[in-house]
Amino acid sequence: MDDSGTTWGTAWGDYDYDGDLDLVTASAVHHLYRNDGSSFTDVASSANVSGSAGVSPGWADYDNDHDLDLYMSKPGFANELFRSNGDGTFTEVGAAAGVNDGNVASQEMAWGDYDNDGFIDLYVTTGSSNANRLYP
């Protein structure tokens with residue numbers, strides 16, 4: 001892997017369910033490194049996750065369809081939610097899902113089931129504590 005420049009955040013997850021952990025990085029551009037067991041290949045473009053200016057990526061199955069989806073917080077830009085198509089590609093659905101928040105300086109993000117209802121929830125921090133977002 002050669003990810004020149006500053007990387008702000010990373011997240012490991014087996015998005016292609018081959019038993020090898022894959023890596024997404026957030027920097028000036030997103031990189032998605034597919035692990036084939038012996039080497040990593042950047043597949044961000046072909047997987048349709050090659051956005052820009054990300055800070056904090058995170059994997060979760062937000063729609064409970066048994067595959068990993070990817071959220072990317074982006075300060076000063078619309079955050080991105082990439083829904084897995086189940087074939088190694090993704091569709092950006094942040095606006096449709098109501099989680100893109102382009103108006104705030106999004107920073108870190110975390111997935112978790114805070115209300116214990118069986119559905120993953122999203123928490124996004126911002127530059128101001130009163131602008132943090134919780135998406136149940």
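This tour proceeds through the structure by selection, from a sheet of strands to aromatic rings and then to charged side chains. The model is predicted.

**Stop 1: the four-stranded sheet**

Select strands S5, S6, S7 and S8. They form an open sheet in the order S5-S6-S7-S8, and the pairing is antiparallel. Which strands stand at the edges? They are S5 and S8: each has a single partner strand, so one side of each is left without a neighbour in the sheet. On average, and with direction ignored, neighbouring strands of this sheet are turned by 20° against each other.

Now restrict the selection to S7, residues 80-84, together with S8. Three bridges join these two strands in the antiparallel sense. To see where residues face one another across the pair, select Arg83, which stands opposite Thr91 in S8.

**Stop 2: Trp59 and Phe90**

The next stop concerns aromatic rings. A search of the whole structure finds five aromatic pairs. Select Trp59 and Phe90 as one of them. The ring centres of Trp59 and Phe90 are 6.1 Å apart and the planes meet at 45°; the pair is therefore tilted, since a tilted pair is one whose planes are neither under 30 degrees apart nor over 60.

Where in the chain do the two partners, Trp59 and Phe90, lie? Trp59 belongs to strand S5 (residues 56-60) and Phe90 to strand S8 (residues 90-92), so that the pair, 31 residues apart, links distant parts of the chain. Are these residues buried or exposed? Trp59 is buried, with a relative accessible area of 11%, and Phe90 is buried as well, with a value of 2%.

Add Tyr15 to the selection. Tyr15, Trp59 and Phe90 together form one aromatic cluster.

**Stop 3: Tyr71 and Trp111**

Clear the view and select Tyr71 with Trp111. How are the rings of this aromatic pair arranged? They are edge-to-face, with 6.2 Å from centre to centre and 85° between the planes. Tyr71 is in strand S6 (residues 69-73), while Trp111 is in strand S9 (residues 106-112); the two are 40 residues apart, and the pair links distant parts of the chain. Tyr71 has a relative accessible area of 0% and is buried.

**Stop 4: Arg34 and its partners**

Turn next to the charged side chains. In the whole structure, a search finds three salt bridges. Select Arg34 and Asp16, whose side chains meet in a salt bridge at 2.8 Å, N to O. Arg34 lies in strand S3 (residues 31-35), and Asp16 lies in the loop between strand S1 (9-13) and strand S2 (22-26), 18 residues away along the chain.

Include Asp18 in the selection. Asp18 also forms a salt bridge with Arg34, and here the closest N and O atoms are 3.4 Å apart. Asp18 is in the loop between S1 and S2, 16 residues from Arg34. Asp16, Asp18 and Arg34 are thus linked in a network of salt bridges.

The accessibility of this network may be read residue by residue:

- Arg34 is partly exposed, at 30%.
- Asp16 is partly exposed, at 22%.
- Asp18 is partly exposed, at 31%.

**Stop 5: Glu80 and Lys74**

Finally, select Glu80 and Lys74. Their salt bridge has its closest N and O atoms 3.3 Å apart. Are the partners buried or exposed? Glu80 counts as buried, at 13% relative accessibility, and Lys74 counts as buried at 5%; the cut-off for buried is under 20%.

Definitions and conventions. Residues numbered from 1 in each chain as written. Predicted model: local features only at pLDDT ≥ 70, side-chain atom pairs only at ≥ 80, totals over all residues. Heavy atoms only, no water. Phe/Tyr/Trp six-rings, centres within 6.5 Å; stacked < 30°, edge-to-face > 60°. Buried < 20%, exposed > 50% of the residue type's maximum accessible area, 1.4 Å probe, protein only. Salt bridge = Lys/Arg side-chain N within 4 Å of Asp/Glu carboxyl O. Pairing = 2+ DSSP bridges. Axes fitted to C-alpha atoms, helices over the stretch in contact; angles between N-to-C directions.
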